[in-house]
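Colleague: Got a minute to walk me through this model? I'd like to know what I'm looking at before I dig in.

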Amino acid sequence: MTISATPSFASKWLISHLPKFTEAHPDIELRVLATENLSNFQSDGVDIAVRQARPPFGPGLVADLLFEQEVVAVCNPSLLGRLPRKLAPEDLDRFTLLNDAHDLWPEFIERALKRPVPAILKRVRFSQTSLAIDAAIAGQGLAVASRFLVEQDLQAGRLLQAFDAVMRGALDFFVVTPRKPRHPTPTAMVREWLLAHSE
């Protein structure tokens, strides 16, 4: 069984949950294809995909909502020093913003923090969300990411939510399968497992 997912989803969510799946289904061998490219179910041999998208999907596909995109700003607790545990919108100018390919910071500043985007921002850009999250864990600045991608780091204390404000994103995460899968039974089992662990 091949699962296609973005590198950030694979590294920040899927890998940590896989042991639960392999323990429950030792007879199913999973292959994780981590790529930003949209995989083709036929030519790439993909059985199931996790993608950030907006409906509708093609007529030959079945798509189930996995996670709504709730965007939060996060940082290493040590970055705040003696500041209050939650920042005010005007505190943003003091920090480096860790950006990824989705470039959500300008929208987050305007919609969630309800302030104009500063003319000058200290930014570091990364090609993947997971790298921006790792840089935030390392104390290099503030990152914005979907809450479910940083939930484990928040619970472990490696990150904290920097602002009370959150932003509802435009693209949610879906489990996508062909309407007529090559391997119906294991495809259904993986799909059901993913959806059960999104709660």
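Modeller: Sure. The protein averages a pLDDT of 93, and 99% of the residues score at least 70; pLDDT is the predictor's confidence in each residue, from 0 to 100. This is a predicted model, where local features need pLDDT of at least 70 and side-chain atom pairs count only at pLDDT 80 or more, while totals for chains, interfaces and linings use all residues. Residues are numbered from 1 along each chain as its sequence is written, and side-chain values use heavy atoms, with hydrogens and water left out.

Colleague: Which elements have the lowest and the highest mean pLDDT?

Modeller: Helix α1 has the lowest, at 92, and strand β5 (residues 70-75) has the highest, at 98. Helices (H or I, at least four residues) and strands (E, at least two) are DSSP runs, numbered from the N terminus.

Colleague: OK, sheets. What's the strand order in the open one?

Modeller: The order is β2-β1-β3-β11-β4, five strands with mixed pairing. The edges are β2 (31-34) and β4 (61-67), each of which pairs on one side only. From one strand to the next, the twist averages 25 degrees. For pairing, DSSP has to find at least two bridges between two strands.

Colleague: In which sense do β1 and β2 pair?

Modeller: Parallel, over four bridges, with β1 covering residues 2-5. A5 has A34 in β2 as its bridge partner.

Colleague: And what does helix α1 lie across?

Modeller: Helix α1 (residues 7-24) lies across β1, β2, β3 (48-53) and β4, and it runs at about 160 degrees to β2. Axes here are lines fitted to C-alpha atoms, for helices over the stretch in contact, and angles run from 0 to 180 degrees between N-to-C directions.

Colleague: Switching to aromatics: how many pairs are there in the whole structure?

Modeller: Nine. One of them is W13 with W193, a tilted pair at 6.3 Å centre to centre and 55 degrees between the planes. W13 lies in helix α1 and W193 in helix α5 (residues 184-196), so that pair ties together parts 180 residues apart in sequence. Rings of Phe, Tyr and Trp (its six-membered ring) pair if their centres lie within 6.5 Å; planes under 30 degrees apart count as stacked, over 60 as edge-to-face and the rest as tilted.

Colleague: And why is F21 with W193 called edge-to-face?

Modeller: The ring centres of F21 and W193 are 5.1 Å apart and the planes sit at 65 degrees, so the pair is edge-to-face. F21 is in helix α1 and W193 in helix α5, so this pair ties together parts 172 residues apart in sequence.

Colleague: Are those rings buried or exposed?

Modeller: F21 is buried, with a relative accessible area of 0%, and W193 is buried at 6%. W13 is buried too. Buried means under 20% relative accessible area, exposed over 50%, partly exposed in between (1.4 Å probe, protein chains only).

Colleague: Which residues end up in the ring cluster?

Modeller: Ring pairs link F9, W13, F21, F67, F148, F173 and W193.

Colleague: Back to β5. Why is it described as largely enclosed?

Modeller: Five of its six residues are buried, so β5 is largely enclosed by the rest of the structure.

Colleague: What does β5 pair with?

Modeller: β5 runs antiparallel to β10 (residues 167-168), joined by two bridges, with R168 as the bridge partner of E70. With β8 (residues 142-146), β5 pairs antiparallel over four bridges, and V72 stands opposite A145 there. The pairing with β9 (residues 160-161) is antiparallel as well, over two bridges, with C75 opposite L160.

Colleague: What about Q69, where does that sit?

Modeller: In the loop between β4 and β5. Q69 counts as buried, at 6% relative accessibility. Its side chain reaches the backbone nitrogen of L171 at 3.3 Å.

Colleague: Then N76: which side chain does it make a polar contact with?

Modeller: The side chain of S78, at 2.7 Å. A polar contact is a pair of N or O atoms within 3.5 Å; within protein, one must be able to donate a hydrogen and the other to accept it, and residues adjacent in sequence count only if both atoms are side-chain atoms. N76 is in the loop between β5 and β6. Leaving aside neighbours within four places in sequence, N76 is in contact (heavy atoms within 4.5 Å) with A136, I137, G139, R158 and L159.
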